[in-house]
Amino acid sequence: MLPSQPLLHTAVFALAVLQALASDTFIAAVYEHAVILPDATDEPVSPDDALALMNKNMDVLEGAIKEAAQQGAHIIVTPEVGIYGWRFTREAIYPYLEDIPDPTVNWVPCTDPTRFAPAPVQERLSCMARNNSIYVVANMGDKKPCNASDPSCPSDGRYQYNTDVVFDPEGKLVARYHKYNLFMSETQFFNYPKEPEAVTFETPFGKFGIFTCFDILFREPAVVLVSELQVDTVLFPTAWMNVLPFLTAVEFHSAWAMGMRVNFLAANTHNTNLSMTGSGIYAPDGAKTYYYNMKTEDGRLLVAKLDSHPRLSPASPLAVSWSSYASSVKRFSPNDHDFEGLIFHDKFTFTELTKPEGNITMCQKDLCCHLNYKMAGKQEEEVYVLGAFDGLHVVEGQYYLQICTLLKCQSTDRNTCGQPVETAQTKFEMFSLSGTFGTNYVFPEVLYSGVELAPGEFEVLTDGRLMSKTRPTKPVITVTLFGRWYEKD
């Protein structure tokens, strides 16, 4: 006699747990989703129309979740706004929101959908997790009523939060995170928690933490989760608009994983009109797999194996003293090749690399950047510079940066240095970049022509030098040490 469906599901889940417990590794998946968007309108649609649009997107996500589970994945991360998109006013998004309870209620929406207010999205996500015996991470909107006596309560009497949810392989809601650092265009939500939330949960394959997109540039919750709560893996739904030369999704997210010495699962929204692409599965020793595609509107499932406890792995990088080497280098006086330029509104000090090899130092305020390099056949029409920035960034948020960078200029005109560049022809025999950083939070980036990462081709020494391990195989766009001085915020 065949086992009943509940018994079969229990057996499958128990087997998955035992397999995870028996191994120091796990299989992770992320899905980059080309979101099906609603028609642009300032007026709310009916709840039925809102659910119909969300079901179209969830149909796609469900296909990716099934495929990930078939490939043995234990967890899958899907993107920020991946269920309904972003074309909303505060009023227009309301029909898409659900009341998401605190996970302490011990709720499996798939088997008990009517326990709380109608929650068809949570019910379906729960069933996706349960039916495929996989952790499912998704982003959706939460609504919470508030009292007029609360001075922060909006005039419409409700809070609206950009929210991540996590369902375990039985379909239980195990995590809920309200985004704390909203990007300037998120007027449909406007609300954020009164205090930042540090959300973690335990799995058979490590301790996990979660935050969303713009949160990564701030101490809370990002640094708190890793440095204080010691999570093994960070889950990162995002709708990341790429900004070359430093804030392209794949380069910054892989650098953040290396700098923080943590696993990082980044699932991005895909929309080339808004420069949204770039998802990946990253470990402290580099990218395991990633996807960057600005040519077509295709989604992509990525699957890779990770160490469950990366800090205990032999491949985990050692702690770095970021200013150790550069502090011993002689500080040179400005020369005729020094000039100023802008990168993403920040005023850098640059010096041009006029020779095919050399040792040069560039300083701005307290930050001195040192570069030792050798080019392999420099192209005459290409200009490279060493740049330094030490100061407060004030555009879409306020945060302190210290950045040392070797980068290719857009043209031979110095005024183009710092503008977006995606291709290059000049290769380097070697490079070594370091800086006198005042912070321990420094993220190493190497980006090749075609917006490609360089996994395994560079290393960070314990004295703070970012060095090529072997002769770089492709032309270089940028080699960067991106310092985020959280302590000065």
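**A walk through the model: buried spots, cis prolines and a pocket**

Let me start at Val421, which counts as buried, because its relative accessibility is 8% and the cut-off for buried is under 20%. Before I go on, please keep in mind that this is a predicted model.

So, what surrounds Val421? Leaving out residues up to four places away in sequence, Val421 touches Leu244, Lys408, Cys409, Gln410 and Ile477. Val421 itself is in a loop, the one between β18 (399-408) and β19 (427-435). How far apart are Val421 and Pro245 in space? Their C-alpha atoms are 7.0 Å apart, with the two positions 176 residues apart in sequence.

That brings us to Pro245, which is found in the loop between β8 and α5. The bond between Leu244 and Pro245 is a cis peptide, with omega about 10 degrees. Leu244, you will remember, is one of the residues that Val421 touches. As background, most peptide bonds are trans.

There is another cis bond to show you. Which residues does it join? It runs from Glu220 to Pro221, and omega is near 10 degrees. Pro221 belongs to helix α4.

Let's stay with helix α4, which covers residues 219-228. Its buried residues are Pro221, Ala222, Val223, Val224, Leu225 and Val226, so Pro221 is both on the cis bond and on the list of buried residues, given the under 20% cut-off. What covers these buried residues? The cover includes strands β5 (173-178), β6 (199-203), β7 (206-210) and β8 (233-238), and also helix α5. After α4 comes Gln230, with a positive phi near 55 degrees.

Now over to helix α5, residues 249-260, where we find His253. Is His253 buried or exposed? Its relative accessible area is 0%, so His253 is buried. Beyond its neighbours within four places in sequence, His253 is in contact with Ile216, Phe236, Thr238, Trp240, Phe264, Ala266 and Tyr282.

Past α5, in the loop that leads to β9 (263-268), is Arg261. Its phi is positive, near 60 degrees, and this residue is not a glycine. Most residues other than glycine have a negative phi. Arg261 is partly exposed, because its relative accessible area is 30%. Ser275 is another non-glycine residue with a positive phi, here near 55 degrees. Ser275 sits in the loop between β9 and β10 (279-283), and its relative accessibility of 26% makes it partly exposed.

Arg261 also takes us to the largest pocket. Which residues lie nearest the centre of that pocket? They are Met258, Gly259, Arg261, Pro317 and Leu318, out of 28 lining residues. The elements giving two or more residues to the lining are α4, α5 and β22 (458-460). The volume of the pocket is about 620 Å³. By class, its lining comprises 16 nonpolar, 7 polar and 5 charged residues.

Next, a look at strand β14, residues 346-352, where Phe348 is placed. Phe348 counts as buried, because its relative accessibility is 0%. Its contacts, apart from residues up to four places away in sequence, are Phe246, Phe339, Glu340, Gly341, Ile343, Gln364, Gly387, Ala388, Phe389, Ile403 and Thr405. From Phe348 to Met467 the C-alpha distance is 22 Å, and the two are 119 residues apart in sequence.

Then there is Cys153, in the loop between β3 (135-145) and β4 (158-167). With a relative accessible area of 14%, Cys153 is buried. Not counting residues up to four places away in sequence, Cys153 touches Cys146, Asn147, Ala148, Arg158 and Tyr159. How far is Cys153 from Pro356 in space? The C-alpha atoms are 61 Å apart, and in sequence the separation is 203 residues.

One of those contacts of Cys153, Arg158, has its charged end over the ring of Tyr94, 3.9 Å from the ring centre. In a second arrangement of this kind, Lys488 lies over the face of Trp485, 4.8 Å from the centre of the ring. And how many aromatic pairs does the structure hold? There are 32.

That's my tour. Thanks for listening, and I'm happy to go back to any of these places on the screen.

Methods:
Residues numbered from 1 in each chain as written. Predicted model: local features only at pLDDT ≥ 70, side-chain atom pairs only at ≥ 80, totals over all residues. Heavy atoms only, no water. Helix = DSSP H or I, 4+ residues; strand = E, 2+ residues; numbered from the N terminus. Buried < 20%, exposed > 50% of the residue type's maximum accessible area, 1.4 Å probe, protein only. Contact = heavy atoms within 4.5 Å. Phe/Tyr/Trp six-rings, centres within 6.5 Å; stacked < 30°, edge-to-face > 60°. Lys NZ or Arg CZ within 6 Å of the ring centre and 35° of its normal. 1 Å grid on protein atoms, 1.4 Å probe; cavity = no way out; pocket = protein on both sides within 12 Å on 5 of 7 lines; lining within 4 Å. Points joined across faces, edges and corners; volume = space filled by probe spheres on them. Nonpolar A, V, L, I, M, F, W, Y, C, P; charged D, E, K, R; others polar.
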